[in-house]
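Me: I should be grateful for a close look at a single part of this model, with the terms explained as they arise. Please then set that part in its wider context.

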Amino acid sequence: MYWKNAFIYTFRKDPAEAEVISHKLMIRAGMIKKVASGIYSYLPLGLRVIRRIENIIREELNKRGAAELFMPVVVPAELWQESGRWNLYGPELLRFTDRKNNRFCLGPTHEEVVVDIARQAIRSYRDMPLCLYQIQDKFRDEIRPRFGLMRGREFIMKDAYSFHADESSLDEMYWKMYDAYTAIFKRSGLEFRSVEADSGAIGGDVTHEFHVLAESGEDTVVYCESCDYAANIEKAAGRRQLNENAGDIPEDAPQPTEVATPDKKTIEEVATFLNVKPSDTIKMLVYEVNGGEYLVAVCIRGDLELNESKLKNVLGAESVAIPDEESLSSLIDIPVGFLGAHDVDKKSIREIVADFSVSYMKDCVGGANKKDYHLIHVYPSRDLYIDRYADLAYVTENEECARCGNGKLKLRRGIEVGQIFKLGVKYSKPMNLTYLNDKGEKIPVIMGCYGIGLGRTAAAAIEQNHDKDGIIWPIEIAPYKVAILCLDTSNPEAVALSNKIHDQLEDKGVDVILDDRDDRPGVKFKDCDLIGFPIRVVIGEKGLKNRTVEVKKRTVPEPQKVAVDKAVSYILDSIKSLYKK
Ligand code: ATP
Ligand code: MG
């Protein structure tokens, strides 16, 4: 490919709206162009990276017996009504009406469409296992699109769906996909971790996320230093259990006493004012469950943070949310900031749940249920009405691992690039996807689903692989593996040699681009580093005199002088050496 034909436009300055490095560099290197918030065009260089990732995905999935298809972005409401998601899915689902007043949505994921395909084909257990996948545009009307391709509204996803007659077949496919994902992200040159995750809105029981480790990640992954436990922060289990000795309170222990805490509402304010540690205070929060169906109160040690995913699971709830101050005051007449669990109006609050941490607390501080007052000398088992205890807190750095009990938990930022789910019968049941077993009975098909965000994977690769000059593409997903810089396009000898090496590399099947612009060398070097081609070949006047070219890997500072007649084989060897073993 010749640069002049390749449609490459670079920018020296960072775009104003870009917060993370991958977004800045993708725009500056001319990979993507914003069309609207969270919606991008993929320019030729960016598209080449996406295609590389696609190819890796295809190879790994095809090898494991998955078949590719292509479903539409526009999906009729009827299918989503059948699954029940038309009403359940929030405003991320873009719904619209056509000229005949038919309702549609833009697919944010394709379980409904694929189930509709599968139910015309699957008749008996002999038709399974079956795995179908596509690489296609999704639309989610994200509330805060940002970070370029990392959190877009329209984005390219590989979504796969598998169909099974029994759990063991699903289990086999699940781990096969787990292996495929491991191979895909490894081949894409990424440092990543697979973690147990919460199954959230898609449902199902077992799920893993694949996270690329990077400071800019929006998620937190937790892993144990000594065993192989790894989970995302929403799911990560705390080691703390109920304190069996919580009831052992000395008889002469002081009784709860009200103290004035004027205007001190937050844990920090109260702890500082009363000269205690935040871990000696109890935080009590009131939650509205299932969009206002009922209220629960939750107690947790003041220095810990409540994990709403855990709360949802403990309550078996669809949703939990803290009502705003105004609506809360219309529901209970206790001032926010002074809530305590020692006397609670059970008419308005259905139950009080507490994190295990509370069962270890003694002689601590809680709200007095009275404006500007707190209670001191609170012993939870003696003084508080707690209906049940559970693991409700986010784990913290260096906490003991719940799996092995020895290791310490570490927290790192991660970018979720893929997720695999055991779905079970969540879609097949309402949508009547069944098969006949050998007794002639109709049984719902068991499903799995498996997603990878391609744009997010490309962006994550940049987050991990860049320096002050630009991107450093891992060889497998680079837009071109080799860039030849012809420094003097007015010198026919330089042009002839550049063309020759270019053609020879192309003949060998190498993705190579020849910078044939009539620009200054400085411009060419800068662009080459910015775009991040793994190998740079420089053909300049000096080298021509001694019949050498300069070959440099993007990852090493110094170029190598290579004799012209050895150049092609040297470049081929350099490419090979860059592939991860
Ligand atoms: P997130 O929690 O980041 O919103 P998700 O868990 O909702 O993502 P999935 O439904 O698991 O996403 O989708 C599969 C994959 O699609 C994700 O692992 C991610 O790589 C990609 N993806 C999801 N949402 C976006 C988005 N808004 N922009 C780009 N890629 C996305
Ligand atoms: Mg996910």
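Reply: The part chosen is a pair of helices, in which Ile56, Ile57, Glu59, Glu60 and Leu61 of H2 meet Met177, Ala180, Ala183, Ile184 and Arg187 of H6; contact means heavy atoms within 4.5 Å. By class, this contact has 7 nonpolar, no polar and 3 charged residues. Here Ala, Val, Leu, Ile, Met, Phe, Trp, Tyr, Cys and Pro count as nonpolar, Asp, Glu, Lys and Arg as charged, and the others, Gly among them, as polar.

The model is predicted, so local features need pLDDT of at least 70 and side-chain atom pairs count only at pLDDT 80 or more, whereas totals for chains, interfaces and linings use all residues. Residues are numbered from 1 along each chain as its sequence is written, chains are lettered from A and ligands numbered from 1 in the order in which they are written, and side-chain values use heavy atoms, with hydrogens and water left out.

H2 covers residues 44–63 and H6 residues 167–187; helices (H or I, at least four residues) and strands (E, at least two) are DSSP runs, numbered from the N terminus. The two helices pack at an angle of about 150°, and their axes are 9 Å apart. Axes are lines fitted to C-alpha atoms, for helices over the stretch in contact, and angles run from 0 to 180 degrees between N-to-C directions. H2 and H6 are therefore roughly antiparallel, a term for angles over 145 degrees (under 35 is roughly parallel, 65 to 115 roughly perpendicular, the rest oblique). Their crossing is right-handed, meaning that the near helix is turned clockwise from the far one by less than a right angle; anticlockwise would be left-handed.

As for the wider context, the chain has 15 helices and 31 strands, and its C-alpha trace spans about 95 × 65 × 50 Å along the principal axes. Of its 581 residues, 52% are buried (under 20% relative accessible area; exposed is over 50%, partly exposed in between; 1.4 Å probe, protein chains only).

Helix H1 (residues 21–28) is mostly covered, with 6 of its 8 residues buried. Those residues pack against several elements, including strand E1 (32–36) and helix H11 (454–464). Gly30, just after H1, takes a positive phi of about 70°.

Asp565 lies in the loop between strand E31 (560–563) and helix H15 (567–578). Asp565 is exposed, at a relative accessible area of 70%.
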